[in-house]
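Could you walk me through this structure in plain language? I'd like to know where the empty spaces are, what lines them, and what a few of the residues along the way are doing in the fold.

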Amino acid sequence: MIKAIVTDIEGTTSSISFVKEVLFPYAAKAFPGFLDAHWQDETVQALISAAAEESGQVLETPEQASALFQQWIAEDRKATSLKALQGMIWKQGYQNGDYTAHLYSDTAKCLKQWKQQGLDLYVYSSGSIPAQKLFFGYSDEGDLTALFSGYFDTTSGHKQEVQSYRNIQADIGLPAEQLLFLSDVEAELDAAAEAGLRTIRLDREGSQGVSTHQVVTCFNQIDVANLQGGPTAD
């Protein structure tokens, strides 16, 4: 029996285009001014040091750091330091009302239904935990953060690594077979399944082709109570 659901964000609860066409450009434009204004902040300096270590570059000025982060944004790099700094920038955008986070029309309704059914809900995204909380706190459907029991990001491991899902399972404290992971990325689902989690792939556009996991096009098609067996070819 499934007792908890762990969901991805991009392509699963929300459109990839919102992140790539709204959030990423917003952060890229704001990075130079943000780093210049907050360069001496202790938290920012710790993240700059982590980025310098990961990149092997000397980051002694806001301009040097901004150039690296702009490059990483263009590469869609899943660096924890980048994600954390992006989250700080996005917080300003959300609070200023510059945008709200996109959700597919079925997302909020189904999340609320699952919560009412007694399921614990979690998020696992490459975006930082603070960014995830902002996303669901300033969504198109309002503040949904009360629905979630916890959040996971790359500090638990990268999303295509089996150990990441073992770490998440241990943190949640339920047997792996009682956890359902939702994502639109086959390699993430493969890793989760190898760790023993149940899996469903979201194919929102109906164009991703065959999968070794159960495939749905929206949350409405997920019948958690009658989910049987392991992954099967669609």
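The lining of the largest cavity is a mix: 8 of its residues are nonpolar, 5 are polar and 2 are charged. This is a predicted model, and the cavity is a good place to start reading it. Its volume comes to about 150 Å³. Of the 15 residues around this space, Glu 10, Trp 90, Ser 125, Gly 127 and Phe 135 sit closest to the centre. If you'd rather think in elements, α1, α4 (80-95) and α6 (129-137) are the ones that give two or more residues to the lining. How many cavities of 30 Å³ or more are there? The count is 1. As for how such spaces are found, rolling a probe the size of a water molecule over the atoms shows where empty space is left.

Let's stay with Ser 125 for a moment. You'll find Ser 125 in the loop between β2 and α6. Is Ser 125 buried or exposed? Its relative accessible area is 6%, and buried means under 20%, so Ser 125 counts as buried. Setting aside residues up to four places away in sequence, Ser 125 touches Ile 9, Gln 132, Phe 152, Asp 153, Thr 154 and Lys 159. For a sense of scale, take Gln 57: Ser 125 and Gln 57 are 68 residues apart in sequence, and their C-alpha atoms are 27 Å apart in space.

Now step along to Ser 126, which lies in the loop between β2 (120-124) and α6. With a relative accessibility of 8%, Ser 126 is buried. Once neighbours within four places in sequence are left out, the contacts of Ser 126 are Lys 78, Lys 83, Thr 154 and Lys 159. Ser 126 and Ile 16 are 110 residues apart along the chain, while 13 Å separates their C-alpha atoms.

Ser 126 also takes us to the largest pocket. This pocket has 16 lining residues, and those nearest its centre are Lys 78, Ser 126, Lys 159, Val 185 and Glu 188. Its volume is about 290 Å³. What kinds of residues make up the lining of this pocket? There are 8 charged, 5 polar and 3 nonpolar ones.

The second largest pocket holds about 190 Å³ of space. It has 10 lining residues, with Met 1, Ile 2, Leu 119, Val 224 and Ala 225 lying nearest the centre. Here the lining divides into 6 nonpolar, 3 polar and 1 charged.

From the spaces, move on to the packing. The largest nonpolar core has 58 residues, and Phe 69 and Trp 114 touch the most other members. Helix α1 (residues 16-38) gives the most to this core, namely 9 residues. Beyond four places in sequence, Phe 69 is in touch with Phe 31, Leu 35, Ile 48, Ala 51, Ser 81, Leu 82 and Leu 85. Apart from the largest core there is another one, of 18 residues, including Ala 4, Tyr 122, Ala 191 and Ala 192.

Helix α1 has something else to look at: Pro 32 lies in it. Pro 32 is partly exposed, at 39% relative accessibility. Not counting neighbours within four places in sequence, Pro 32 is in contact with Ser 66 and Gln 70. Look for Asp 203 as well: it is 171 residues from Pro 32 along the chain, and their C-alpha atoms are separated by 36 Å.

One more residue deserves a stop. Asp 76 is not a glycine, yet it has a positive phi of about 55 degrees. Its place is the loop between α3 (62-75) and α4. With a relative accessible area of 26%, Asp 76 is partly exposed.

Finally, a word on confidence. The chain has a mean pLDDT of 93, and 97% of its residues reach 70 or more. Where does pLDDT stay under 50? That happens over residues 229-234, for which the model has 16 contacts beyond four places in sequence.

How values were computed:
Residues numbered from 1 in each chain as written. Predicted model: local features only at pLDDT ≥ 70, side-chain atom pairs only at ≥ 80, totals over all residues. Heavy atoms only, no water. 1 Å grid on protein atoms, 1.4 Å probe; cavity = no way out; pocket = protein on both sides within 12 Å on 5 of 7 lines; lining within 4 Å. Points joined across faces, edges and corners; volume = space filled by probe spheres on them. Nonpolar A, V, L, I, M, F, W, Y, C, P; charged D, E, K, R; others polar. Core = buried A, V, L, I, M, F, W, Y, C linked by side-chain atoms within 4.5 Å. Buried < 20%, exposed > 50% of the residue type's maximum accessible area, 1.4 Å probe, protein only. Helix = DSSP H or I, 4+ residues; strand = E, 2+ residues; numbered from the N terminus. Contact = heavy atoms within 4.5 Å. pLDDT = per-residue confidence, 0-100.
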